[in-house]
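Colleague: I should be grateful for a close look at the ligand site of this model and at the strands beside it. Please define the terms as you go.

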Amino acid sequence: MDNADVARIFDEIADLLEILDENPFRVRAYRNAARTVRVLGEPLASLAGEDGAALAKLPGIGKDLAGKILEILKTGDLELRRELTKKIPATLLEMMRVQGVGPKRARQFYQELGIRTLQELEDAARSGRLLKLRGMGPTLQSRILQGISAHRARASRYRLDEAERQVLPFVDYLRKAPGIEIIEVAGSFRRRCDTVGDADILVAAANGRPIADRFVAYPEVGRVLAQGTTRSSVLLQSGLQVDLRVVPRVSYGAALHYFTGSKAHNIAVRAMGVKRGLKINEYGVYKGARRMGGRTEEEVYRAVGLRFVPPELREDRGELEAARRGRLPDLVELRHIRGDLQMHTDATDGADSLEEMVRACRDRGYAYMAITDHTKTLRMAGGMEGAGFRRQGRAIEKLKERGPGLAVFKSAEVDILPDGRLDLDEQALGTLDIVMVAVHSKFDMTEEAMTERVLRALRHPNVRIFAHPTGRLLGRRDPYPIDMARIARAAADTGVLLEIDAQPERLDLDDVHTKMAKEAGARFVIDTDAHRVADLDIMRFGVDQARRGWLTADDVANTLDLAAFRRLIETPRRLPSAASIKGRPRAPRKRRLKRRGRTTRGS
Ligand code: DGT
Ligand code: CA
Ligand code: CA
Ligand code: ZN
């Protein structure tokens with residue numbers, strides 16, 4: 001039983017309680033506990049001791065939950081979980097992963113139609129049986145069918161952070177095999193894709209046999225799919241497939257290039273080689289029988305007249321053309337990030353206090369940070385009214401007086417209401433240093449309505465940042481429909497910054513939208529949306545996605561030093577041009593510049 005198992009059981013309990021329509025605060029307690037456990041740096045088992053006293057001190061974990069953790073560590077399961085699954089089958093949980101099926105619907109399907117599994121739900125939807133239910137129409141029924149197939153497609157992939165948690169310890173274990181000269185993870189993992197289908201470990205060694213032997217003997221291996229001196233493959237108990245390739249040192253660069261992919265990038269590079277009379281494969285670069293290189297990736301690119309292409313760009317989205325012209329972007333790096341601009345405290349649904357978050361940001365060497373608790377409509381997350389933000393603002397002022405060593409900006413993650421108004425009164429908005437907005441409810445709008453809803457919010461003159469712009473939750477919720485090209489143009493036009501939310505289950509904006517928005521002229525922030533101190537360390541996942549979206553440090557506002565960042569947020573925002581209001585193409589340049597000159601602050 002490791003931390004991930006405990007977290008999984010807690011999440012399951014939260015889901016079951018939701019289906020049973022139990023107290024939302026109880027549901028949230030289990031969800032928060034799952035998150036705490038998941039991001040904990042050390043094994044619960046070593047922290048627990050005899051009585052679990054240390055566990056009860058963890059954020060969001062009291063005596064009761066500490067006892068539950070002990071029970072799981074001792075018995076591998078929870079009595080409470082077994083009791084709940086007597087009331088409702090655990091197979092309903094998978095149903096809730098389908099878009100359009102929440103806890104209420106899952107309960108309805110089960111109680112009124114006896115549907116227990118995804119397959120039964122699909123059959124019922126196909127045969128039209130769902131239409132018998134109250135509140136169910138043909139549109140919703142076909143949405144559920146779409147949701148089921150989308151769910152099946154993504155269920156076979158792992159989030160990057162989940163893959164990392166499994167693969168990195170495996171690599172550390174494998175490193176001890178005799179004769180390893182280099183070991184690296186290639187594939188989508190190295191390209192830092194948001195999800196990973198399987199992990200591809202590449203090793204340079206003269207003799208593959210002892211490495212394959214150690215590979216298949218890894219304790220987490222559930223099933224061996226193949227074992228050989230150059231190529232082996234296993235399924236871990238978690239279900240993740242891991243492939244191993246062992247190549248001689250001279251071929252390592254060519255093999256790393258090949259197995260990093262993407263396939264489309266490889267094919268394009270190989271085609272460039274063919275034009276020069278070269279053959280490029282995973283063993284090297286050849287002219288006829290003569291070997292031209294392949295010891296390093298640089299040699300492969302040089303053979304076709306290119307500079308080294310960072311793995312994050314290798315998607316055949318224009319990177320070869322850019323490399324050929326020497327125009328590859330100088331990608332943003334983690335060390336460029338000077339502040340974190342989205343985080344929650346225990347004033348709403350965060351686990352740690354304002355003081356703890358501030359101290360943690362100072363420890364991380366940041367020059368500035370913003371506190372962005374939720375607004376009132378998010379009742380489940382303990383959202384605050386104006387008075388709450390004023391109180392928090394005073395607490396932040398006090399910190400400043402004591403000289404905290406970094407700037408703490410007063411901010412809020414203001415909910416965008418269904419009609420596009422903001423969930424905080426004008427007076428309270430005026431007291432904030434930075435206003436961040438986001439959609440958290442009523443996702444089932446048409447694309448047109450959702451786009452208008454967000455555009456209206458972005459036109460509010462105080463708004464600076466649009467957070468997690470598509471609302472997706474990887475493996476759990478598809479993006480809501482929204483015309484991101486229009487949003488990106490409006491963001492470019494008004495100077496509203498688009499967020500790349502670094503939560504590994506969000507990574508929102510994603511790579512493709514980020515690149516598109518950059519080309520439309522938008523600028524960005526990368527932040528963690530931390531709900532506890534430990535979350536502050538996931539910034540790197542946001543940076544990875546920004547790199548996949550071709551962003552340089554200049555594209556990311558929170559790479560600015562404090563003085564420059566302060567100037568940015570203190571300069572009144574631009575008014576939206578008529579073009580971005582109407583959704584027509586952008587106005588001619590001269591008119592746009594004139595509009596930008598007008599100020600809007602305080603109007
Ligand atoms: P994944 O595992 O679905 O997240 O994505 P990848 O990119 O890791 O794909 P995977 O594991 O099937 O293969 C690893 C790399 O090997 C892939 O990125 C490129 C290379 N590769 C695999 N199959 C082919 C192929 O048929 N042709 C070429 N040129 N390269 C291939
Ligand atoms: Ca792979
Ligand atoms: Ca593979
Ligand atoms: Zn949010």
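Modeller: The account below begins with the ligand and then follows the strands.

This is a predicted model, in which local features need pLDDT of at least 70 and side-chain atom pairs count only at pLDDT 80 or more, while totals for chains, interfaces and linings use all residues. Residues are numbered from 1 along each chain as its sequence is written, chains are lettered from A and ligands numbered from 1 in the order in which they are written, and side-chain values use heavy atoms, with hydrogens and water left out.

Ligand 1 sits in the second largest pocket. A pocket is an open set of points on a 1 Å grid over the protein atoms alone, where a 1.4 Å probe fits and protein lies on both sides within 12 Å along at least five of seven lines; a molecule sits in a pocket if more than half of its atoms lie within 2 Å of its grid points. The shell around ligand 1 holds 17 residues, and the closest are R157, S188, G197, D198 and R270; a residue is near a molecule if one of its heavy atoms lies within 4 Å of it. At least two shell residues come from each of α11 (187–190), β4, α13 (252–260) and α14 (263–275), and α14 gives the largest share, with 4 residues. Helices (H or I, at least four residues) and strands (E, at least two) are DSSP runs, numbered from the N terminus.

Three side chains place polar atoms beside oxygen atoms of ligand 1. For D198, an N or O atom of the side chain is 2.8 Å from a ligand oxygen; for R191, the distance from a polar side-chain atom is 2.9 Å; and for D200, it is 3.1 Å. Of the 600 Å² that ligand 1 exposes when taken alone, the protein buries 72%, with areas from the Shrake-Rupley method and a 1.4 Å probe.

R157, one of the closest residues to the ligand, also meets T195: their side chains make a polar contact at 2.8 Å. Such a contact is a pair of N or O atoms within 3.5 Å; within protein, one must be able to donate a hydrogen and the other to accept it, and residues adjacent in sequence count only if both atoms are side-chain atoms. T195 belongs to strand β3 (residues 195–196) and is buried at 15% relative accessibility, where buried means under 20% relative accessible area (1.4 Å probe, protein chains only).

Strand β4 (residues 198–204) leads from the ligand shell into the pairing of strands. It runs parallel to β7, joined by 7 bridges, and V203 has V246 as its bridge partner in β7. Two strands pair if DSSP finds at least two bridges between them. Strand β7 (residues 241–247) is largely enclosed by the rest of the structure, because 6 of its 7 residues are buried.

β7 also pairs with strand β6 (residues 231–236), in the antiparallel sense over 5 bridges. Within this pairing, S232 has L244 as its partner and L235 has Q241. The hairpin of β6 and β7 has 4 residues between the strands, and G239 there takes a positive phi near 105°. Since 5 of the 6 residues of β6 are buried, β6 is likewise largely enclosed. Strand β5 (residues 221–226) pairs with β6 in the antiparallel sense over 4 bridges, with A226 opposite its bridge partner S233, and a hairpin of 4 residues joins β5 to β6.

Key. Buried < 20%, exposed > 50% of the residue type's maximum accessible area, 1.4 Å probe, protein only. 1 Å grid on protein atoms, 1.4 Å probe; cavity = no way out; pocket = protein on both sides within 12 Å on 5 of 7 lines; lining within 4 Å.
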